[in-house]
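Got a minute to go through this one together? Let's take a few labels and check what stands behind each.

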Amino acid sequence: MSEKVWVGIGLAGQFFFTMRFVVQWIATERNRRSVIPESFWYFSIFGSLILLVYSLYRKDPVFILGQAFGTTVYLRNLFFIHKEKKDASSAAS
């Protein structure tokens, strides 16, 4: 792939990663208190995975470690969110 394509991939990853803050800001403003919506974690994962691919292409070990660790944290948060939903639906039944 050309360098321009890789820069486009990196920018797309950064866009999705930035969108997590936009959705968090909107949710907080609507609720008039600090809120982290579930979509925050999906944007985090999607953005960090794209940035991880870009950092692998760039062979940047600092960027690679940061994105790999972040992706693990975001996935873990979603695991707990879905577990809590499952437990709540089981308790309601």
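Q: What makes R58 and E3 a salt bridge?
A: In this predicted model, the closest N and O atoms of R58 and E3 are 2.6 Å apart. The cut-off is 4 Å between a side-chain nitrogen of Lys or Arg and a carboxyl oxygen of Asp or Glu, so the pair qualifies. R58 sits in helix α2 and E3 in helix α1, 55 residues apart, so this one links distant parts of the chain.

Q: Why is R58 called partly exposed?
A: Its relative accessibility is 37%. Buried means under 20% and exposed means over 50%, so R58 falls in between. E3, at 38%, gets that label too.

Q: What makes K85 and E38 a salt bridge, and what does the pair tie together?
A: Their closest N and O atoms are 2.5 Å apart, which is within the 4 Å limit. K85 lies in helix α3 and E38 in helix α2, so the pair ties together parts 47 residues apart in sequence.

Q: How do you know that D87 and K83 are about one turn of the helix apart?
A: Both lie in helix α3, four residues from each other. They also form a salt bridge, with the closest N and O atoms at 3.0 Å. Each has a relative accessible area of 39%, between the 20% and 50% cut-offs, so D87 and K83 are both partly exposed.

Q: How do you know that R20 has no salt bridge?
A: The nearest side chain of opposite charge, E38, is 15 Å away. A salt bridge has to be within 4 Å, so R20 has none, and yet R20 is buried.

Q: What does the side chain of R20 reach instead?
A: It makes a polar contact with the side chain of S44 at 3.0 Å, and it reaches the backbone oxygen of F17 at 3.3 Å. Leaving aside neighbours within four places in sequence, R20 is in contact with F40, F43, S44 and Y74.

Q: Why is F43 called partly exposed and not buried?
A: Buried means under 20%, and F43 has 21% relative accessibility, so it counts as partly exposed. F43 touches R20, and also F16, F17, M19 and V23, not counting residues up to four places away in sequence.

Q: Which residues make up the largest nonpolar core, and which helix gives the most?
A: The eight residues are F17, V23, F40, W41, I45, L51, Y74 and L78. α1, α2 and α3 each supply at least two, with α2 giving the most, four.

Notes. Residues are numbered from 1 along each chain as its sequence is written. This is a predicted model: local features need pLDDT of at least 70, side-chain atom pairs count only at pLDDT 80 or more; totals for chains, interfaces and linings use all residues. Side-chain values use heavy atoms; hydrogens and water are left out. Buried means under 20% relative accessible area, exposed over 50%, partly exposed in between (1.4 Å probe, protein chains only). Lys and Arg count as positive and Asp and Glu as negative; His and the chain ends are not counted. A polar contact is a pair of N or O atoms within 3.5 Å; within protein, one must be able to donate a hydrogen and the other to accept it, and residues adjacent in sequence count only if both atoms are side-chain atoms. Contact means heavy atoms within 4.5 Å. A nonpolar core is a set of buried Ala, Val, Leu, Ile, Met, Phe, Trp, Tyr and Cys residues joined through side-chain atoms within 4.5 Å.
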